[in-house]
Amino acid sequence: MSKDFPVVVYGASGYTGRLVMEHLRELGVPFIAAGRNREKIEKSVAMVPGIESARFEIAAVEHTVEALTELLSGRKVVCNTVGPFNRFGREVVEAACNARVHYLDTTGEQHWVAELMRDWDERFKAVDRLIIPSASYMYGVSEIGARFCLETPGVDSLDMTGIAEAVPTVASAQTILDAVRQPSAYLKNRELIRYAGVETCDLTTPSGRVLRASQWGGTSHPIWFSRDGRVRNCKMMVAMWNQELYKKELELERANKVSLQWIPDAALYPMMDAMATSIAPATPPRESRYVHRAIDVCVGSGSTVMVKSTMISNGGYYTTGLVQAYGAMRLCKDRPSVTGFASPCEALDHKQLMGVLESYGYCAIKVERLV
Ligand SMILES: NC(=O)c1ccc[n+]([C@@H]2O[C@H](COP(=O)([O-])OP(=O)(O)OC[C@H]3O[C@@H](n4cnc5c(N)ncnc54)[C@H](OP(=O)(O)O)[C@@H]3O)[C@@H](O)[C@H]2O)c1
């Protein structure tokens, strides 16, 4: 296989992998479309708009460290979209480190982000490469808002909310349910405090509607900001316009307490996946930017300051495709100023990321000083 293809999209047969390829084509970055099933990848690639002008190759690869290491060797970046990451991510991370390539993924799983920070930061530093989880709508977009708030001296607390209209894909539905069974935490007075269970609260939308929100698995922010000397407190709550989703989380939490927790993973995952089909029975149609919109708000405060960022974005999966492709493009050329574990904004800079999202019409932001 030619070495002229610096980026590997792993999970190219999936909904998100396809959108990563769409944006790589747009940015003119040659790529390898990789996954476990060549026929499915071929079908997926054929659906990428403008694919006739893309430079790409297709690779079917076994999901093992050895096979993935061989595929990644000689490349620069892997965009990993094979989730849930707590189930499938470890082989890819190990292969990326072995092959000395930068690793980006689309996880929204806090426990996975925490594992990467704990186990892989030093190992990626040792090979002078980056490992960047959540290079995706969740939580790359809301991170930008938080980083704008942190530009105000004295801000030490980030109170974040997200409200989204989403089309969960098959793996997203599996991921949402998997996350309920994992421990999650928020940052309080510089300590990660574990949630007792699924916590819910009411959120008011800018138009005054009230939605029930949950911690949605904890989000990536408390993990990222637990390493930031400026940040004392950080918590994010997420509401979906489809209010059935937080109810599913509560149902699953109850089922987990009563019976699921004693079932070994091999038997449990098929049961969980059957539950996930009640949320996403099949791959959904392409998103609509006129329907699938999100609002992310961060109120940054300190003892005598308060600042608020409000972001409106559209097409969470498109946005994810762009964040991945843009990150991959940058890492093919740049010599990053940081290595090891990093958030999307730490690796790519929040203003640069905002600029590229704005230029595609995917996201707008208002930052206002309240006090
Ligand atoms: N944080 C965010 O904002 C955000 C945004 C988008 C996606 N995501 C996450 O990204 C992940 C992928 O989502 P998606 O929308 O692309 O889902 P999807 O359409 O269901 O695709 C899943 C992909 O994973 C592959 N896969 C599944 N099991 C595998 C295994 N055992 N070995 C190798 N490959 C395997 C599938 O391959 P086959 O086609 O061969 O089955 C497919 O390519 C999910 O975890 C989702 O939550 C997060």
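Both domains have a hand in the shell around the ligand: domain 1 (7-136 + 318-348) and domain 2 (137-316 + 362-369) each put in at least three residues. This is a predicted model. The shell counts 31 residues, with Gly14, Thr16, Gly83, Thr169 and Ala171 the closest to the ligand. Two or more residues apiece come from helix H1 (15-27), H6, helix H7 (170-180) and H11, and H7 gives the largest share, at four residues. Sorted by class, the shell around the ligand holds 20 polar, nine nonpolar and two charged residues.

As for how the two domains sit together, the centres of domain 1 and domain 2, taken over C-alpha atoms, are 22 Å apart. Domain 1 brings 24 residues to the contact and domain 2 brings 30. On the domain 1 side, helix H5 (110-126), helix H11 (316-333) and helix H12 (344-348) each chip in at least two residues. That side of domain 1 is made up of twelve nonpolar residues, eleven polar ones and one charged one.

Then there is Ala135, which sits in the loop between strand S6 (130-132) and helix H6 (137-149). Ala135 counts as buried because 30 other C-beta atoms lie within 10 Å, where 20 or more are enough for that label. Setting aside neighbours within four places in sequence, Ala135 is in contact with Leu104, Asp105, Thr106, Gly140, Val323, Gln324, Gly327 and Pro344. Phe5 is another matter: 130 residues away along the chain from Ala135, with 21 Å between the two C-alpha atoms.

Methods:
Residues numbered from 1 in each chain as written. Predicted model: local features only at pLDDT ≥ 70, side-chain atom pairs only at ≥ 80, totals over all residues. Domains from an automatic or database assignment. Contact = placed C-beta atoms within 7 Å. Nonpolar A, V, L, I, M, F, W, Y, C, P; charged D, E, K, R; others polar. Buried ≥ 20, exposed ≤ 12 C-beta atoms within 10 Å, placed from the backbone. Near = placed C-beta within 6 Å.
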